There are 2 protein chains.
Amino acid sequence: MAIEIERKFLVANDLWRAAAHASVPMRHGYLAPLGAAASVRVRVEGTVGKLNIKAAKVGISRAEYEYEIPAVEAEEMISTLCTGIILKTRYYVKHGGHLWEIDVFEGDNAPLVVAEIELASEDEAFERPEWLGREVSDDRRYYNHALSVTPYKNWE
Amino acid sequence: MAIEIERKFLVANDLWRAAAHASVPMRHGYLAPLGAAASVRVRVEGTVGKLNIKAAKVGISRAEYEYEIPAVEAEEMISTLCTGIILKTRYYVKHGGHLWEIDVFEGDNAPLVVAEIELASEDEAFERPEWLGREVSDDRRYYNHALSVTPYKNWE
């Protein structure tokens, strides 16, 4: 088991775009409904299929398991067994020795943009880039699984 | 995607035991609750871990995806993310050119014994062994996922 320690932020502006060194289109869905003990995510990342299982708790640290699977099987599962598909492009930005992942959501979750940083411990220090907005690590609504059920465009 | 075409029967007596050529202890749980569109099963079969995803429909044919994973990770997921664990020993019996899998349930599902045969098509003919009981392919209660929620000992 890996423990994923991740902090999630909004972005304050577009200055991160000039610093992005790579991007990948992502499309994913969930096999277990919101409210189950685990999130079971099926994703196609570019040409790679992935199955990801995480403890369904809100917060910075979560147990996580991830396995690569054939992309064609991931696509089939997304089309036939999942509801509430998430579409986004992930950009990668290096800043102060850390790697930021910036998710630009599409479809019903546009124009939401969320920045995530993976840390070695919950209290690990990191440099805040000038484009970083407020933290939303503890806000359940910003979890991808929650966004697949209640997309950003439907928020009050 | 594979399509699993499987028929499920009770057993009428113990005569299959003398013909069994192998057996493996199995322990598994489910990551998605009963009622979701897919069953997501985490299993340890002997020393092998497996993740299995099936369309959650009752009947003979079901779409199925299966991936081998580290047994230690499967064990962790069963212990921490699943409820209603199924314990059984699977025996293998060859009969008339087909392979039968005979599941002898333990714990809350003892003394249930179920025999399954995998076929190439729903109408494929097969020889009925003398120990074969009535068919339960269309009886939702005998599905392992259902047994993990309502075990055999609690049936009316």
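1. How many residues lie between strand 3 of chain A and strand 4 of chain A in their hairpin, and which residue in the turn has a positive phi? A good place to start is this turn: two residues separate the strands, and G46(A) has a positive phi of about 65°. As background, most residues other than glycine have a negative phi. Please keep in mind throughout that this is a predicted model.

2. Now follow the strands on either side of that turn. Strand 3 of chain A covers residues 38-45, strand 4 of chain A covers residues 48-55, and eight bridges join the two in an antiparallel arrangement. To find the register by eye, look for V42(A), which stands opposite L51(A) in strand 4 of chain A.

3. Strand 4 of chain A has a further partner in strand 5 of chain A, residues 61-69, and this pair is also antiparallel. Six bridges hold the pairing. L51(A) is a handy landmark here too, as it stands opposite Y67(A) in strand 5 of chain A. The hairpin of these two strands has five residues between them, and G59(A) takes a positive phi near 140°.

4. A wider view may help at this point. UniProt, in an unreviewed entry, places the feature "domain: CYTH" at residues 2-149 of chain A. Over that stretch the chain is 11% helix and 52% strand. The C-alpha atoms at its two ends are 26 Å apart.

5. How are the two chains related? A turn of 180°, with a shift of 0.0 Å along the axis, lays chain A on chain B with an RMSD of 0.0 Å. That is the relation of a two-fold axis. If you would like to locate the axis from chain A, go to A32(A): its C-alpha is the nearest in that chain, 2.2 Å from the axis. Both copies use the same surface, since 100% of the contact residues of chain A recur in chain B.

6. What does each chain bring to the contact? Chain A supplies 20 residues and chain B supplies 20 residues. On the side of chain A that touches chain B, the elements giving two or more residues are strand 3, strand 4, strand 5 and helix 1 (71-81) of chain A. Helix 1 of chain A gives the most, with five residues. By class, this side of chain A has 17 nonpolar residues, one polar residue and two charged residues.

7. The nonpolar cores are worth a look next. The largest has 32 residues, and those with the most contacts inside it are L31(A), A32(A), V40(A), L31(B), A32(B) and V40(B). Strand 3, strand 4 and helix 1 of chain A each give two or more residues to this core, as do strand 3, strand 4 and helix 1 of chain B. V40(A) shows how the chains meet: beyond its sequence neighbours up to four places away, V40(A) touches Y30(A), L31(A), A32(A) and I53(A), and across in chain B it touches L31(B), A32(B) and V40(B). Another core, of 15 residues, lies apart from the largest one and includes W16(B), V113(B), V114(B) and A115(B).

8. Y30(A) deserves its own point. UniProt lists Y30(A) under "active site", again in an unreviewed entry. This residue is found in strand 2 of chain A, residues 20-30. Is Y30(A) buried or exposed? Y30(A) counts as buried because it has 28 C-beta neighbours inside 10 Å, where 20 or more are needed. Leaving aside neighbours within four places in sequence, its contacts include S39(A), R41(A), C82(A), G84(A) and H145(A).

9. That last contact leads to helix 2 of chain A, residues 144-149, where H145(A) is found. H145(A) has 22 C-beta neighbours inside 10 Å and so counts as buried. Apart from residues up to four places away in sequence, H145(A) touches Y30(A), L34(A) and S39(A). H145(A) and V58(A) are 87 residues apart in sequence, while their C-alpha atoms are 11 Å apart in space.

10. Finally, have a look at the backbone around P111. A cis peptide bond joins A110(A) and P111(A), with omega of about 0°. P111(A) sits in the loop between strand 7 and strand 8 of chain A. In chain B, the bond from A110(B) to P111(B) is cis, with omega near 0°, and P111(B) lies in the loop between strand 7 and strand 8 of that chain. For context, most peptide bonds are trans.

Technical notes. Residues are numbered from 1 along each chain as its sequence is written. Chains are lettered from A and ligands numbered from 1 in the order in which they are written. This is a predicted model: local features need pLDDT of at least 70, side-chain atom pairs count only at pLDDT 80 or more; totals for chains, interfaces and linings use all residues. Two strands pair if DSSP finds at least two bridges between them. Helices (H or I, at least four residues) and strands (E, at least two) are DSSP runs, numbered from the N terminus. Two residues are in contact if their C-beta atoms, placed from the backbone, lie within 7 Å. Ala, Val, Leu, Ile, Met, Phe, Trp, Tyr, Cys and Pro count as nonpolar, Asp, Glu, Lys and Arg as charged, and the others, Gly among them, as polar. UniProt positions are given in the numbering used here, feature names are shortened, and annotations may be inferred rather than shown by experiment. Copies are superposed by least squares on the C-alpha atoms of residues with pLDDT of at least 70 in both. A nonpolar core is a set of buried Ala, Val, Leu, Ile, Met, Phe, Trp, Tyr and Cys residues joined through C-beta atoms within 7 Å. A residue is buried if 20 or more other C-beta atoms lie within 10 Å of its own, exposed if 12 or fewer, and partly exposed in between; C-beta atoms are placed from the backbone.
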